[in-house]
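Reader: I would like a close look at one part of this chain, beginning with a single residue and its surroundings and then working outwards. Please take the steps slowly, and say where each assignment comes from a cut-off.

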Amino acid sequence: MKKIIIAIDGYSSCGKSTMAKDLAKTIGYVYVDTGAMYRAVTLYALQNGMFKEDKVSGQSLINEPELKNAIHQGKIRITFKVNQTTGAPDTYLNGQLVESEIRQMEVSSRVSPIAALPFVRELLTEQQKAMGREKGIVMDGRDIGTAVFPEAELKIFVTASAKVRAQRRYDELLGKAKTREEAEVLNFDDILKNVEERDYIDTHRETAPLRQAEDALVLDNSNLTKEEQKEWLIKRYEESAR
């Protein structure tokens, strides 16, 4: 079968990264987690004090000029290395392993505004396009099938209800909690609110908003098991690669 580009887009907490990693591993393709790249930029901004709380709205505001300057000076370097235990790629920010840090709520609650910034998307889209030149790649995100690889042979748009996605996120964070205190601070309603806010920002941003490509196949995995989902994905891949 020929090598193709597989673009997987969809809403947050749909399990896109998990399914994309598993699919890539099964068919022997390279996997790129674009969401992790935006999360890494967000983490850098947090680590360097680029967010401030607006006293009126209570929202976190990003110092855009400072972040833009850091990007132009090449201060944000994102790489991936395969984890020898899991077989999946881990995210590194300027040489430091940050796979766990970028999945925390502090990053999740701020990543959508960062991803909406045109200069951030321009930088990362350029890097993503370069990664797919040789094909044989699975990439997931928000605009892979519409902005990064509109020529992709297989485009999949993943969706699920907000409550289902919030529950998955809650369970994931609960499983990662190292202490009882970390587990007790988790609140389902806060996570659901974050999921809904991210949906709104992702679909309403001016630059490359989240939308279904006209030729994308829709996968609603609200009630699918991982096995059923994998079977569906493999079938779609085989049909496209023949």
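Author: A good place to begin is T125, which counts as buried because its relative accessibility is 14%, and the limit for that class is under 20%. The model is a predicted one, and what follows describes that model. T125 has its place in helix α6, and, once residues up to four places away in sequence are set aside, T125 touches Y38 and V148.

Beyond helix α6, which spans residues 118-131, comes a loop that leads to β8 (137-141), and E134 is found in this loop. Is E134 buried or exposed? With a relative accessible area of 67%, E134 is exposed, because the class begins over 50%. A distance helps to place this residue in the fold: E134 and I234 are separated by 100 residues in sequence, and their C-alpha atoms are 21 Å apart in space.

K176 offers another such distance, this time in helix α8, which covers residues 162-176. From K176 to A162 there are 14 residues in sequence, and the C-alpha atoms are 21 Å apart. K176 is partly exposed, with a relative accessible area of 35%, and K176 touches R103 and E182 when residues up to four places away in sequence are not counted.

The aromatic residues deserve a closer reading. How many aromatic pairs does the rule for ring centres and planes give? The count comes to two. In one of them the rings of Y11 and F157 have centres 5.8 Å apart and planes at 80°, so this pair is edge-to-face. Because Y11 lies in the loop between β1 (5-10) and α1 (16-27), while F157 belongs to strand β9 (residues 154-159), the pair ties together parts that are 146 residues apart in sequence. Y11 is partly exposed, with a relative accessible area of 22%, whereas F157, at 7% relative accessibility, counts as buried.

The rings of Y29 and Y237 also form an edge-to-face pair, because their centres are 5.8 Å apart and their planes stand at 80°. Here too the pair links distant parts of the chain, since Y29 is in the loop between α1 and β2 (30-33) and Y237 is in helix α11 (residues 226-241), 208 residues away. Both Y29 and Y237 are buried.

Rings also take part in contacts with charged groups. The charged end of K81 sits over the ring of Y92, at 4.7 Å from the ring centre, and the charged end of R110 sits over the ring of F51, at 5.5 Å from the ring centre.

Next comes the sheet. Three strands form an open sheet in the order β5-β6-β7, with antiparallel pairing. The edge strands are β5 and β7 (96-97), each of which pairs on one side only. Strand β5 (residues 78-82) and strand β6 (residues 89-93) run antiparallel and are joined by five bridges; F80 has T91 in β6 as its bridge partner, and V82 stands opposite P89 in β6. Strands β5 and β6 form a hairpin with six residues between them, and in the turn G87 has a positive phi of about 80°.

These details belong to a chain whose secondary structure comes to eleven helices and ten strands. The radius of gyration is 18 Å, close to the 18 Å that the globule rule gives for 242 residues, so the chain is as compact as a globular protein of that length. Along the principal axes, the C-alpha atoms fill a box of roughly 55 × 40 × 35 Å. Of the 242 residues, 47% count as buried, and the chain exposes about 12800 Å², of which carbon and sulfur atoms supply 48%. Among contacts with a separation of 6 or more, 71% are made by residues 24 or more positions apart.

How values were computed
Residues numbered from 1 in each chain as written. Predicted model: local features only at pLDDT ≥ 70, side-chain atom pairs only at ≥ 80, totals over all residues. Heavy atoms only, no water. Pairing = 2+ DSSP bridges. Helix = DSSP H or I, 4+ residues; strand = E, 2+ residues; numbered from the N terminus. Phe/Tyr/Trp six-rings, centres within 6.5 Å; stacked < 30°, edge-to-face > 60°. Buried < 20%, exposed > 50% of the residue type's maximum accessible area, 1.4 Å probe, protein only. Lys NZ or Arg CZ within 6 Å of the ring centre and 35° of its normal. Rg over C-alpha atoms; globule rule 2.2 N^0.38 Å. Contact = heavy atoms within 4.5 Å. Areas by Shrake-Rupley, 256 points an atom, 1.4 Å probe, with all protein chains shown as cover.
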